[in-house]
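Me: I'm new to this one. Could you walk me through how to read a few of its features?

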Amino acid sequence: MRLLPVALLALPLGVRAQSVEDGSDAAIGPAETRTILDRVGRDLKSPDARVTALRRGEGAVICGSVDVKNRMGLYTGPRGFVADLSDGFFGRVPDGPELLSPSRMEDYRAMERTRDLYFKACLR
């Protein structure tokens, strides 16, 4: 009989622990990596997201790429994200259709902040 590690027993069936796919977590350290993975899981509701290309931006900004699954269970392709650890902000760079049809003005402002912060702090 094969025994599973105790940590795996705590996960719901069908869910795997998040990790950074390309080893780029070494660039930001374990504490900030855990913060990013927690935000991806919580804000993007994707416990099996593929996180890559982690790097430091300007100041307390962490940049990276994330690939999440759609409703059909298929990965949608990597998109950039930005996290400002100084104020707890996190956002995935929106695509065109998202910008054209926000459900609320606060959502539109958050998408614009994400775009601005990503372009200023991550694309240098």
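Me: Which residues are exposed on the other side of α4, away from the buried ones?

Reply: Keep in mind that this is a predicted model. A residue counts as exposed when its relative accessible area is over 50%. Here, Arg109 and Lys120 are exposed on that side of α4.

Me: And which residues of α4 are buried?

Reply: Those are Met111, Thr114, Leu117, Tyr118 and Ala121.

Me: Why do they end up on the same side of α4?

Reply: The general idea first: an α-helix has 3.6 residues a turn, so residues three or four places apart point the same way. In this case, the buried residues of α4 cover an arc of only 135° around the axis, which puts them on the same side.

Me: What do those buried residues pack against?

Reply: They pack against β1 (50–56), β2, β3 (79–84), β4 (89–92) and α3 (96–100).

Me: How far apart should the ends of α4 be?

Reply: Count 1.5 Å a residue: the 17 residues of α4 should span 24 Å, and its end C-alpha atoms are 24 Å apart, so the two agree.

Me: Now the disulfide: which cysteines does it join?

Reply: You look for two cysteine sulfur atoms within 2.5 Å of each other. That gives one disulfide, between cysteine 63 and cysteine 122, with an S to S distance of 1.9 Å. Cysteine 63 sits in strand β2 (residues 61–67) and cysteine 122 in the segment after α4 (105–121), so the link ties together parts 59 residues apart in sequence.

Me: Are these cysteines buried or exposed?

Reply: Cysteine 63 is buried, at a relative accessible area of 1%, and cysteine 122 is buried at 9%.

How values were computed
Residues are numbered from 1 along each chain as its sequence is written. This is a predicted model: local features need pLDDT of at least 70, side-chain atom pairs count only at pLDDT 80 or more; totals for chains, interfaces and linings use all residues. Side-chain values use heavy atoms; hydrogens and water are left out. Helices (H or I, at least four residues) and strands (E, at least two) are DSSP runs, numbered from the N terminus. Buried means under 20% relative accessible area, exposed over 50%, partly exposed in between (1.4 Å probe, protein chains only). The expected span of a helix is 1.5 Å times one less than its number of residues. The arc is that of the directions from the helix axis to the C-beta atoms. Contact means heavy atoms within 4.5 Å.
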